[in-house]
Amino acid sequence: MKLNKKYKDRLFCLLFGNEEYKENILSLYNALCNTAHTDVNDIKLYTIDNVIYIEMKNDVSILLDSYLHLWEQQSSYNPNMPFRGLMYFSKMYDRYIVEHSYNIYGSTMVKIPTPRYTVLYNGTSKQPAFMKLKLSDAFIHEDTSGDFEWTANMVNINHGMNDELLNNCRPLQEYMLLIEEIRKNRSNGMEVEQAVDKAVTYCINNNILSEFLTKHRAEVIDVCITEYDEQAFVNGIREEGRQEGREEGRALTLYSLVNSGNLKPDIAAKELGISIHEFEIAMKEAGMNRPVSK
């Protein structure tokens with residue numbers, strides 16, 4: 001499978017990062033922040049395109065009430081979200097400074113919107129209802145001072161984890177119902193295309209995002225298929241990495257056995273499917289320089 005690197009909005013972005021559906025944005029904002037804003041015109045979308053690598057962009061950013069919010073939807077656990085968030089926010093603050101013609105090199109303090117960073121997790125691996133991810137956890141040298149920190153609040157939006165949040169934001173609840181319906185169809189053996197199409201039809205017939213799905217059916221199906229194909233690609237890469245790790249560990253074990261004299265080198269080489277000469281070179285590269293007798 002070839003991964004299409006050209007960015008295309010995901011379902012979450014279509015629902016919560018679109019000027020057409022500011023009501024959804026406001027509903028999620030109020031549910032996350034325990035507020036009661038009613039005017040969608042108070043929301044300014046602040047999503048940044050092409051933030052870092054290969055046409056990557058953040059999911060949804062909004063500016064409201066002097067708070068700068070970033071919402072990232074993740075279907076797999078990623079401990080690097082604080083680092084990514086730091087890079088995203090630096091770009092957004094740069095934009096904010098330029099828009100307001102502020103001088104950050106002067107003697108007057110420049111006031112900026114207060115950051116709020118939320119990762120909405122809906123993957124299938126078991127994760128807690130809430131987790132605070134910290135940039136300092138990635139520091140090579142431990143730093144407990146708190147002087148250099150950036151955090152991401154990861155909220156598990158799978159049903160049964162934060163149901164109060166889902167109940168307070170109907171679009172988010174129905175978004176998860178659609179995702180769960182797709183997963184159920186996939187677990188019943190359907191191919192991705194059939195699973196997505198049937199799930200969309202089910203939701204329309206059961207008044208789950210029905211207006212949105214009816215209006216954007218073709219686009220939603222295309223986006224969901226792309227998301228699931230990309231997830232399968234990522235899972236494949238991870239499995240390849242695990243397999244490589246297992247092979248490397250197996251090779252190191254054989255090197256150690258030969259180095260200690262407990263295994264003949266020709267047998268170890270045969271186990272790895274390489275020649276004695278290649279085995280000798282590999283042992284030396286692994287830091288085991290004991291001569292290998294043929």
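1. A salt bridge here is a side-chain nitrogen of Lys or Arg within 4 Å of a carboxyl oxygen of Asp or Glu. The side chains of Lys 44 and Glu 99 fit that description, with 3.3 Å from N to O. Lys 44 belongs to strand 1 (residues 44-45) and Glu 99 to helix 3, so this salt bridge ties together parts that lie 55 residues apart in sequence. Lys 44 is partly exposed, at a relative accessible area of 36%. Glu 99 is also partly exposed, with 37% relative accessibility.

2. The model is a predicted one. The protein has 294 residues, and 39% of them are buried. Its secondary structure consists of ten helices and six strands. About 17,100 Å² of the protein is exposed, and carbon and sulfur atoms supply 50% of that area. Of the contacts between residues at least 6 apart in sequence, 57% join residues at least 24 apart.

3. Helix 3 covers residues 81-99, which is 19 residues. From its first C-alpha to its last it reaches 27 Å, close to the 27 Å expected at 1.5 Å a residue. Just after helix 3 comes Ser 101, whose phi is positive at about 55°.

4. Which residues of helix 3 are buried? They are Met 81, Pro 82, Arg 84, Gly 85, Tyr 88, Phe 89, Met 92, Tyr 93, Tyr 96 and Ile 97. An α-helix has 3.6 residues a turn, so residues three or four places apart point the same way. The cover over the buried residues of helix 3 includes strand 2 (60-64), strand 3 (67-74), strand 4 (114-121), strand 5 (130-134) and strand 6 (151-156).

5. The count of salt bridges in the model is eight. One of them joins the side chains of Glu 20 and Lys 215, at 2.4 Å from N to O. Glu 20 sits in the loop between helix 1 (11-16) and helix 2 (22-33), while Lys 215 is in helix 7 (residues 210-215), so the pair connects parts 195 residues apart in sequence. The two partners fall into separate accessibility classes: Glu 20 is partly exposed at 35%, whereas Lys 215 is exposed at 56%.

6. A further salt bridge is formed by the side chains of Asp 197 and Arg 217, 3.1 Å from N to O. This pair links distant parts of the chain, with Asp 197 in helix 6 (residues 192-205) and Arg 217 in helix 8 (residues 217-259), 20 residues apart. Asp 197 is partly exposed at 34% relative accessibility, and Arg 217 is partly exposed at 27%. Elsewhere, salt bridges that share partners join Lys 44, Arg 95 and Glu 99 into one network. Arg 95 has a ring contact as well: its charged end sits over the ring of Tyr 46, 3.9 Å from the ring's centre.

7. The structure has seven aromatic pairs. Why is the pair of Phe 12 and Tyr 175 edge-to-face? The ring centres are 6.0 Å apart and the planes meet at 65°, and an angle over 60 degrees counts as edge-to-face. Phe 12 is in helix 1 and Tyr 175 in helix 5, so that the pair links parts of the chain 163 residues apart. Phe 12 is buried at 0% relative accessibility, and Tyr 175 is buried at 1%.

8. Tyr 96 and Tyr 102 make a tilted aromatic pair, with 6.1 Å from centre to centre and 50° between the planes. Tyr 96 is buried, at 12% relative accessibility. Tyr 102 is partly exposed, at 35%. Phe 89, Tyr 93, Tyr 117 and Trp 150 form one aromatic cluster; Phe 89 and Tyr 93 are among the buried residues of helix 3.

9. Is Glu 181 buried or exposed? Glu 181 has a relative accessible area of 11%, and under 20% means buried. This residue is in helix 5 (residues 170-187). Apart from neighbours within four places in sequence, Glu 181 is in contact with Ala 199 and Tyr 202. Tyr 202 also has a charged residue at its ring: Lys 184 lies over the face of Tyr 202, 5.7 Å from the ring centre.

Key: Residues are numbered from 1 along each chain as its sequence is written. This is a predicted model: local features need pLDDT of at least 70, side-chain atom pairs count only at pLDDT 80 or more; totals for chains, interfaces and linings use all residues. Side-chain values use heavy atoms; hydrogens and water are left out. Helices (H or I, at least four residues) and strands (E, at least two) are DSSP runs, numbered from the N terminus. Buried means under 20% relative accessible area, exposed over 50%, partly exposed in between (1.4 Å probe, protein chains only). Contact means heavy atoms within 4.5 Å. Accessible areas come from the Shrake-Rupley method with a 1.4 Å probe; for residues, only the protein chains shown count as cover. The expected span of a helix is 1.5 Å times one less than its number of residues. Rings of Phe, Tyr and Trp (its six-membered ring) pair if their centres lie within 6.5 Å; planes under 30 degrees apart count as stacked, over 60 as edge-to-face and the rest as tilted. A charge sits over a ring if NZ of Lys or CZ of Arg is within 6 Å of the ring centre and within 35 degrees of the ring normal.
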